[in-house]
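Student: I would like to learn how to read a single-chain model feature by feature, beginning with its interior. Could you take me through it slowly?

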Amino acid sequence: MYNDVTDDGTHPMNRKVKLTVKLSKMSLTERAKRRLLMMVEERYDPKKDEIVIVCRRYPSRQENKDHIQHNMTQHLEAAKAEESVRRK
């Protein structure tokens, strides 16, 4: 997993943040992977086995980075939560 963060303050697109995660590197069950892929939809590239999330919504790159990390964490928790509910 890595973040690509650029910001030199001269161009509005420089606040853009990109998070790339290899699905195969995540410790998820097959069912949790399917659920995660349903949530991220077109953000998943099956050829590269990568989930890519980009954000440029907020004025600072730190806010965009925080938003992306929060978003990905929520997706992962939701995918895993279905697994724990099923096991009960």
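Tutor: Let us begin with the term that the interior requires: two residues are in contact when they have heavy atoms within 4.5 Å. The model before us is predicted, and with that cut-off in hand we can say that methionine 72 touches Leu19, Met26, Leu36, Ile51 and Ile53, leaving out residues up to four places away in sequence.

Student: How much should I trust such a model, and where is confidence lowest and where highest?

Tutor: The mean pLDDT of the protein is 85, and 78% of its residues reach 70 or more. Confidence is lowest in strand E1, residues 2–5, at a mean of 54, whereas it is highest in E3, at 96.

Student: How many residues does the largest nonpolar core have, and which have the most contacts inside it?

Tutor: The general idea is that, in soluble globular proteins, nonpolar side chains tend to be buried together. Here the largest nonpolar core has 16 residues, and those with the most contacts inside it are Leu23, Met26, Leu36, Ile51, Ile68 and Met72. The elements that give two or more residues to this core are strand E2 (17–22), helix H1 (30–40), strand E4 (50–55) and helix H2 (61–87).

Student: What does isoleucine 53 touch?

Tutor: Isoleucine 53 lies in strand E4, and it counts as buried because its relative accessibility is 4%. Not counting residues up to four places away in sequence, isoleucine 53 touches Val17, Lys18, Leu19, Arg43, Ile68, Asn71 and Met72. Isoleucine 53 and threonine 20 are 33 residues apart in sequence, yet their C-alpha atoms are 6.6 Å apart in space.

Student: In what sense do E2 and E4 pair, and over how many bridges?

Tutor: E2 and E4 pair in the antiparallel sense over 6 bridges, and threonine 20 stands opposite valine 52 in E4. When you follow such a strand, it helps to recall that in a regular strand the side chains alternate between the two faces of the sheet.

Student: How do E3 and E4 pair, and how many residues lie between them?

Tutor: E3 and E4 pair in the antiparallel sense as well, over 2 bridges, and the bridge partner of aspartate 45 in E4 is glutamate 50. The two strands E3 and E4 form a hairpin with 4 residues between them, and in its turn aspartate 49 has a positive phi of about 55°.

Student: Why should a positive phi catch my attention?

Tutor: It stands out because most residues other than glycine have a negative phi. Aspartate 49 has a positive phi although it is not a glycine, and this residue counts as buried because its relative accessible area is 17%, under the 20% cut-off. Glutamate 41 also takes a positive phi, of about 45°, just after H1; its place is in the loop between H1 and strand E3 (44–45). Glutamate 41 counts as exposed because its relative accessibility is 54%, over the 50% cut-off.

Student: How are the buried residues of H1 arranged when seen down the axis?

Tutor: The buried residues of H1 are Ala32, Lys33, Leu36 and Val40. Seen down the axis of H1, these residues fall within an arc of 100°, so they line one face of the helix. On the other side of H1, Glu30 and Met38 are exposed.

Student: Where does leucine 28 lie, and is it buried or exposed?

Tutor: Leucine 28 lies in the loop between E2 and H1, and we call it buried because its relative accessible area is 12%. Leaving aside neighbours within four places in sequence, leucine 28 is in contact with Lys33, Leu36, Leu76 and Lys80. The C-alpha atoms of leucine 28 and leucine 76 are separated by 8.9 Å, although the two residues are 48 apart along the chain.

Student: Finally, how should I read asparagine 64, and what does its side chain reach?

Tutor: Asparagine 64 lies in helix H2 and counts as buried because its relative accessibility is 0%. For a polar side chain, ask next about its partners: the side chain of asparagine 64 reaches the backbone nitrogen of tyrosine 58 at 2.8 Å. Apart from neighbours within four places in sequence, asparagine 64 is in contact with Arg15, Val17, Cys55, Arg56, Arg57 and Tyr58.

Note on methods
Residues numbered from 1 in each chain as written. Predicted model: local features only at pLDDT ≥ 70, side-chain atom pairs only at ≥ 80, totals over all residues. Heavy atoms only, no water. Core = buried A, V, L, I, M, F, W, Y, C linked by side-chain atoms within 4.5 Å. Buried < 20%, exposed > 50% of the residue type's maximum accessible area, 1.4 Å probe, protein only. Polar contact = N/O pair within 3.5 Å; in protein donor to acceptor, adjacent residues only side chain to side chain. Arc of directions from axis to C-beta. pLDDT = per-residue confidence, 0-100. Pairing = 2+ DSSP bridges.
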